[in-house]
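Reader: Hello! Please pick one part of this model and take a close look at it with me, starting from a single residue and working outwards.

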Amino acid sequence: MSRRAREKAAAVGAQGAPARCTVSVCRGCCCGTPKIPGLDHAAQLADLRGSLAEVATVRPVACLDACDHANVVVVQPSAAGRRAGGRPVWLGLVNDRDAGADITAWIEAGGPGLAPLPAILDLYVFSPSRRVRQHLDG
């Protein structure tokens, strides 16, 4: 996204509805497939969309190429969160309902840059390679 587009999005957020976090849920090669057994992937996505409908945009994305951490969720800060220093947080191995509830509670509190990351989510945080990060950050 260009600087002009980011500024426009921030201005729209300031004038009307608050700018929202974006939650990208990997649904590609391994994530969201039977390769990760014991998890209802469609229900997980539906639960996140339902619980975050008022505070974040939840979107499935193609393979993020972080298969070592399959079932990846990336929480990107709102415009206000980014201005406060927030950066995207990559969470891997998000394979249980409790993790989704913890992610939801954090985003409801403000998410990256506006609310501290709950200690329980530290268990899921990982840093992908620069090449992989550019897929969402760029």
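**Helix α4 and its surroundings**

Author: Let us begin with Thr 104, which touches Leu 48, Ser 51 and Leu 52 when residues up to four places away in sequence are not counted; contact here means heavy atoms within 4.5 Å. Thr 104 sits in helix α4, where helices (H or I, at least four residues) and strands (E, at least two) are DSSP runs numbered from the N terminus. Its relative accessibility is 7%, so Thr 104 counts as buried; the cut-offs are under 20% relative accessible area for buried, over 50% for exposed and partly exposed in between, with a 1.4 Å probe and protein chains only.

A word on the ground rules, happily brief. This is a predicted model, in which local features need pLDDT of at least 70 and side-chain atom pairs count only at pLDDT 80 or more, while totals for chains, interfaces and linings use all residues. Residues are numbered from 1 along each chain as its sequence is written, and side-chain values use heavy atoms, with hydrogens and water left out.

Now for the setting. The protein has five helices and four strands, arranged along the sequence as α-β-α-β-β-α-β-α-α. Of its 138 residues, 41% are buried. Among contacts with a separation of 6 or more, 69% are between residues 24 or more positions apart.

Back to α4 itself. Its 12 residues should span 16 Å at 1.5 Å a residue, and the end C-alpha atoms are 17 Å apart, which agrees; the expected span is 1.5 Å times one less than the number of residues. Thr 104 has buried company in α4: Ala 99, Gly 100, Ile 103, Trp 106 and Ile 107 are buried too. Together they cover an arc of only 165° around the axis, which puts them on the same side of α4; the arc is that of the directions from the helix axis to the C-beta atoms. As background, an α-helix has 3.6 residues a turn, so residues three or four places apart point the same way. Turned away from that buried side of α4 is a face with the exposed residues Arg 97, Asp 98 and Glu 108.

Both ends deserve a glance. At the N-terminal end, Asp 96 acts as a cap, with a side-chain oxygen 3.1 Å from the backbone nitrogen of Asp 98. Such a polar contact is a pair of N or O atoms within 3.5 Å; within protein, one must be able to donate a hydrogen and the other to accept it, and residues adjacent in sequence count only if both atoms are side-chain atoms. After α4 comes Gly 110, with a positive phi near 135°.

Ala 99 is another residue of helix α4, and it is buried at a relative accessible area of 1%. Beyond its neighbours within four places in sequence, Ala 99 is in contact with Val 94, Leu 121 and Tyr 124. The C-alpha atoms of Ala 99 and Tyr 124 are 8.7 Å apart, although 25 residues separate them in sequence.

What covers the buried residues of α4? The cover includes β1 (21-26), α2 (41-52), β2 (56-61), β3 (73-76) and β4. Take α2, the helix of Leu 48: its buried residues are His 41, Gln 44, Leu 45, Leu 48 and Leu 52. Seen down the axis of α2, they fall within an arc of 95°, so they line one face of the helix. The cover over these buried residues of α2 includes β1, β2 and α4. The face of α2 turned away from its buried side carries the exposed residues Ala 42 and Gly 50. Asp 40 caps the N-terminal end of α2, through a side-chain oxygen 3.4 Å from the backbone nitrogen of Ala 42.

As for β1, five of its six residues are buried, so it is largely enclosed by the rest of the structure. β1 pairs with β2 in the parallel sense over six bridges; two strands pair if DSSP finds at least two bridges between them. Ser 24, for example, has Arg 59 in β2 as its bridge partner.

Finally, between β4 and α4 there is a loop that holds Leu 93. Leu 93 has a positive phi of about 60° although it is not a glycine, and at 45% relative accessibility it counts as partly exposed.
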